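User: I am new to this structure and would like a close look at one part of it. Could you take me through the loop that follows the third helix, and the parts around it?

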Amino acid sequence: FELFTRIWCIAELLQARTSHLPQALKIHSEDSVALHHTELEDIDVRNAQASFEPDREMILAKVDNVDAFNRDIRRLIMQ
């Protein structure tokens with residue numbers, strides 16, 4: 001689930017959401033989700049990392065509603 005900690009991965013999800021593209025995740029196992037359940041429930045794009053801080057700031061500035069986006073990411077993972 002490390003991809004949710006990287007800002008450029010978040011940018012791809014954001015672009016798909018903005019373009020109204022269907023999104024789905026293939027997760028290795030339900031056990032994996034259960035093992036990481038707490039950290040997955042706490043996913044917050046504001047905590048995403050970037051090698052270059054201006055990239056992070058630029059991408060986060062494009063998220064119009066961070067709380068709603070976080071909820072969408074959690075739903076994507078948990079469905």
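Analyst: Happy to help; here is a walk through that loop, followed by a look at its surroundings.

First, a word on the model. The model is predicted, so local features are taken only where pLDDT is at least 70 and side-chain atom pairs only at pLDDT 80 or more, while totals for chains, interfaces and linings use all residues. Residues are numbered from 1 along each chain as its sequence is written, and side-chain values use heavy atoms, with hydrogens and water left out. The pLDDT is the predictor's confidence in each residue, on a scale from 0 to 100. The protein chain averages 85, and 99% of the residues score at least 70. Among the elements, α4 has the highest mean pLDDT (93) and α3 the lowest (78). Helices here are DSSP runs of H or I with at least four residues, numbered from the N terminus.

Now to the loop itself. Asp44 sits between α3 (37–41) and α4 (53–61). With a relative accessibility of 19%, Asp44 counts as buried; that word means under 20% relative accessible area, while exposed means over 50% and partly exposed lies in between (1.4 Å probe, protein chains only). The side chain of Asp44 makes a polar contact of 2.9 Å with the side chain of Arg46, and another of 3.2 Å with the side chain of Asn70. A polar contact is a pair of N or O atoms within 3.5 Å; within protein, one must be able to donate a hydrogen and the other to accept it, and residues adjacent in sequence count only if both atoms are side-chain atoms. Setting aside residues up to four places away in sequence, Asp44 touches Val66 and Asn70, where contact means heavy atoms within 4.5 Å.

Asn70 leads us to another element, since this residue is found in helix α5. Asn70 is buried, with a relative accessible area of 2%. Beyond its neighbours within four places in sequence, Asn70 is in contact with Ile43, Asp44, Val45 and Arg46. The C-alpha atoms of Asn70 and Arg46 are separated by 9.2 Å, and the two residues are 24 residues apart along the chain.

Back in the loop between α3 and α4, we also find Gln49. Gln49 counts as partly exposed, at 44% relative accessibility. The side chain of Gln49 reaches the backbone oxygen of Asn47 at 3.0 Å. Leaving aside neighbours within four places in sequence, Gln49 is in contact with Thr5, Arg6 and Ile7. Between the C-alpha atoms of Gln49 and Arg6 there are 4.9 Å, although the residues are 43 residues apart along the chain.

Finally, let us look at how α5 packs. Helix α1 (residues 7–18) and helix α5 (residues 66–78) pack at an angle of about 95°, with their axes 12 Å apart. Axes are lines fitted to C-alpha atoms, for helices over the stretch in contact, and angles run from 0 to 180 degrees between N-to-C directions. The two helices, α1 and α5, are therefore roughly perpendicular to each other, a label for angles of 65 to 115 degrees. On the α1 side, Ile10, Leu13, Leu14 and Arg17 take part, and they meet Ala68, Phe69, Asp72, Ile73 and Leu76 in α5.

How values were computed:
Angles under 35 degrees count as roughly parallel, over 145 as roughly antiparallel, 65 to 115 as roughly perpendicular and the rest as oblique.
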